[in-house]
Amino acid sequence: IDIQKDSDLMHIVHVTAEMAPIAKVGGLGDVVTGLARACLTRGHKVDVFIPFYECIKKQHINGLAFISTYKSYHEGNWVPTNVYQGVVSGINVVFIEPSNHFFKGSNVYGGSYNELEAYLFFSRASLEWLQVTATQPDIIHVHEWQTGGLPLLYWDMYHYLSLKKPRIVLTIHNMEHYGECGQEQLGKCGLDGSLYATAEKAVDDRTIGHNPERLSLLKGGIVYSNVVVTVSPTYLKETLCSGWLAGTLIRHRDKYLGILNGIDTAMWNPATDVFLPAKFDGNSSVHKIVANRVEGKKICKHFVQRGLGLAPEGPDYDPDNVPLVVCITRLVAQKGLHLITNAINYVKELGGQLVILGKAPDARVEREFEGLAKLHNKDSSIRILLMYSIGAIPPIKQPTSLLWCGLCSEELSHMLYAAADIVLVPSIYEPCGLAQMIGMRYGAVPVVRKTGGLADTVFDMDDQLQPELANGFVFEGIDEGSFIWALDRAFAYYRGKPNEWKDIVRKVMQMDNSWNNTAGKYIDVYNSVRVRDQ
Ligand code: ADP
């Protein structure tokens, strides 16, 4: 692999609530690890600061070592805090462990402590640790509301103390979470909350004029950071046009940028993926030489079809002529739940196969999908698998289904992407979206709604204006009709134009959505604000 080293090197410190794989809940964890590793590979010094959650499995950290105990401020007290250091995915990680109850519990989020106060503590403790160790990184990179208070603490406190050099970059991964914070709560980390209760600073835009008590850490982070990045150019435009933060973002338009996330191409690589029954890749020269690789994707498809009991017995049945659609997602409103349920009936009607791998955090939605699973899993064309954690797959009553027992949803997701002809992402909004990028790398053609990062990565096959970009099927409306129109066209291509279909599959597999490709944009951002030594 070509590794480009930068000549002008920096020290970058991420301060974040998540990091894959040790403390991952969603895309944030993947982004931090992927971006940090790409910058490291280019020669930069990178550290990741995360809370030492009780649920982190210590055996997943290389060379974990206790470094020191220091004190950081919370609510009038200086709390003894332990610092550990270790290596995760090749990246140096600093673990911050307060001696109080913060970050205790069996999950990353949802412990029985006040999350807002805990993350404010963590933000200050990270700066305090830099101060104690006299470390002056070029960039402190914060993420989401959880570390949105850090830029305030930096510019209004630590910059007046000893931290002079760092500049602050904030990435917003999802605008829905805004870190609602009372003035008094902000006071607990040592800032005077009343100073931030103005429209220009951190007052929550939804309550301006009638509740100055309510602040937003995300808004404060936007105002106080040197650069604000969100995770795709289209999501950037959408957030400038609508949503409660639009006014603030417009005011700070000059420092607001959209940079697409990358995917981890080492973890998501069909040529080496240990979870697949057969490997394959999009490089046609390899296809010619290694015969079984030509068949690799087909083998994965047959394996999944048999394993899930999707293939009915009978002489007329040809698994290769049945398009297999997969949808791997959290089952939440953002992801287009009504379109996902529509897909069940429509794929059946069109004579295709559909596997949904999902999990609903909301009990009502979970019950609805359990009902759908009960109804449709008897069928030979639909499988609805409700899981998103390590555990056994619920047995499906088919003779070959035993193959699947004991798989966790992560392993299963690799196999499903590899088996799929079509990956479905019908989101109502999608800041960036990884599923379509992963699907493409595994040769699944995307069918997506034109929103956020989906609009930046998938371009319609029938768009005459830019045929060179065409790599999938795109619809715009949030109604059933628009969605069905796109799915129809995908099925028609699959069945009616097999050669063109093969070309699209090859094309999507060869696209470069890696961090190697996109990290350079972050490096440019860092360079644009850093302070150079005299
Ligand atoms: P979001 O961060 O909003 O959940 P993304 O598309 O950015 O959406 O990332 C979703 C990631 O989580 C993808 O890697 C997808 O494969 C994975 N994922 C989602 N649901 C499941 C599930 N039930 N089982 C396994 N992986 C899942």
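Here a biologist and a modeller talk through a predicted model of a protein with a ligand.

Biologist: Let's start with confidence. What is the mean pLDDT of the protein?

Modeller: This is a predicted model, so that's a fair place to begin. For the complex, the predictor gives an ipTM of 0.99 and a pTM of 0.92. In the protein, 93% of the residues reach a pLDDT of 70 or more, and the mean is 91.

Biologist: Which residues have pLDDT under 50, with 23 contacts beyond four places in sequence?

Modeller: There's a stretch at 285-293 where pLDDT stays under 50, but the model has eight such contacts for it. The stretch with 23 contacts beyond four places in sequence, also under 50 throughout, is residues 390-402.

Biologist: On to the helices. Are α10 and α13 parallel, antiparallel, perpendicular or oblique to each other?

Modeller: Helix α10 covers residues 296-307 and helix α13 covers 409-419, and their axes are 8 Å apart at an angle of about 120 degrees. Roughly perpendicular stops at 115 and roughly antiparallel starts over 145. The angle therefore falls in the remaining class, and the two helices are oblique.

Biologist: And is that crossing left-handed or right-handed, and what classes of residue make the contact?

Modeller: The α10 and α13 crossing is left-handed. On the α10 side the contact uses Lys297, Cys300, Lys301, Phe303 and Val304, while α13 brings Met415, Leu416, Ala418 and Ala419. By class, that contact has two charged residues, no polar ones and seven nonpolar.

Biologist: Now the ligand. Which helices and strands each supply at least two residues of the shell around the ligand?

Modeller: The ligand has 17 residues around it, and the closest are Gly26, Gly27, Tyr388, Ser409 and Leu434. By class, the shell has seven nonpolar, seven polar and three charged residues. The elements that each supply at least two of the shell residues are β12 (324-330), β13 (353-359), α13 and α14 (435-441).

Biologist: Any backbone oddities? Is the peptide bond from Ala20 to Pro21 cis or trans?

Modeller: Pro21 sits in the loop between β1 (11-15) and α1 (27-41). Omega for the bond from Ala20 to Pro21 is near -5 degrees, and the bond is cis.

Biologist: What about Ala134: which loop is it in?

Modeller: Ala134 is not a glycine, yet its phi is positive, about 50 degrees. Its place is the loop between α2 (115-132) and β6 (139-143).

Technical notes
Residues are numbered from 1 along each chain as its sequence is written. This is a predicted model: local features need pLDDT of at least 70, side-chain atom pairs count only at pLDDT 80 or more; totals for chains, interfaces and linings use all residues. pLDDT is the predictor's confidence in each residue, from 0 to 100. Two residues are in contact if their C-beta atoms, placed from the backbone, lie within 7 Å. Axes are lines fitted to C-alpha atoms, for helices over the stretch in contact, and angles run from 0 to 180 degrees between N-to-C directions. Helices (H or I, at least four residues) and strands (E, at least two) are DSSP runs, numbered from the N terminus. Angles under 35 degrees count as roughly parallel, over 145 as roughly antiparallel, 65 to 115 as roughly perpendicular and the rest as oblique. A crossing is left-handed if the near helix is turned anticlockwise from the far one by less than a right angle, and right-handed if clockwise. Ala, Val, Leu, Ile, Met, Phe, Trp, Tyr, Cys and Pro count as nonpolar, Asp, Glu, Lys and Arg as charged, and the others, Gly among them, as polar. A residue is near a molecule or strand if its C-beta atom, placed from the backbone, lies within 6 Å of it.
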